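Trainee: I would like to understand how the labels attached to a structure are justified. Could we go through some of them together?

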Amino acid sequence: MPTRGLAGANSVRVFNALGAVLLLRLRITDAVARGVVASKKGAWLATNPTGQTISALVSADASADLAQGACYTGVEVAGV
């Protein structure tokens, strides 16, 4: 059972100090570690009420060790 009470949520808001993405479909699975958020690529700016995609939540200055990819840290998730 998720500690944030998200089990009954159909959609969530994922956000941090850089921005927010709304109406992402929630799926809780053992394939993703507890406390980790995974998001598929493919969202379009026009489909989100905030005009942002998940990429808005990463700093342009941060990159991962592996292939210098996007490095996401410190996001929150809330039901909508």
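Mentor: What follows sets several labels against the values behind them, and we should keep in mind that this is a predicted model.

Trainee: What pattern does the chain follow along its sequence, and how many helices and strands does it have?

Mentor: The chain has 0 helices and 3 strands, and read along the sequence it follows the pattern β-β-β.

Trainee: In what order do the strands form the sheet?

Mentor: The 3 strands form an open sheet in the order β2-β1-β3, with antiparallel pairing. Strands β2 (19-25) and β3 (76-79) are at the edges because each has a single partner strand, so one side of each is left without a neighbour in the sheet. From one strand to the next, the twist averages 25 degrees.

Trainee: How do you know that β1 and β2 count as paired?

Mentor: Pairing requires at least two bridges between the strands, and β1 (residues 11-16) and β2 are joined in the antiparallel sense over 5 bridges, so by that cut-off the two strands are paired. Within this pairing, Phe15 stands opposite Ala20 in β2.

Trainee: Why is Asn16 called buried?

Mentor: The word is used for residues under 20% relative accessible area, and Asn16 has a value of 17%, so Asn16 is buried. Asn16 is found in strand β1, and a polar atom of the Asn16 side chain lies 2.9 Å from the backbone oxygen of Leu57. A polar contact needs a pair of N or O atoms within 3.5 Å, and the distance of 2.9 Å meets that part of the requirement.

Trainee: Why, then, is Ala78 called partly exposed?

Mentor: Ala78 has a relative accessible area of 25%, and because partly exposed covers the values between under 20% and over 50%, that is the label that applies. Ala78 has its place in strand β3 and, leaving aside residues up to four places away in sequence, touches Leu6, Ser11, Val12, Arg13 and Phe15. The C-alpha atoms of Ala78 and Gly5 are separated by 8.7 Å, although the two residues are 73 residues apart along the chain.

Trainee: What makes a group of residues a nonpolar core, and which residues belong to the largest one?

Mentor: The members must be buried residues of the listed nonpolar kinds, joined through side-chain atoms within 4.5 Å. The largest such core has 8 residues, namely Leu6, Ala9, Val12, Val14, Val21, Ile54, Leu57 and Val77. In soluble globular proteins, nonpolar side chains tend to be buried together. For the chain as a whole, 18% of the 80 residues count as buried.

Notes:
Residues are numbered from 1 along each chain as its sequence is written. This is a predicted model: local features need pLDDT of at least 70, side-chain atom pairs count only at pLDDT 80 or more; totals for chains, interfaces and linings use all residues. Side-chain values use heavy atoms; hydrogens and water are left out. Helices (H or I, at least four residues) and strands (E, at least two) are DSSP runs, numbered from the N terminus. Axes are lines fitted to C-alpha atoms, for helices over the stretch in contact, and angles run from 0 to 180 degrees between N-to-C directions. Buried means under 20% relative accessible area, exposed over 50%, partly exposed in between (1.4 Å probe, protein chains only). A polar contact is a pair of N or O atoms within 3.5 Å; within protein, one must be able to donate a hydrogen and the other to accept it, and residues adjacent in sequence count only if both atoms are side-chain atoms. Contact means heavy atoms within 4.5 Å.
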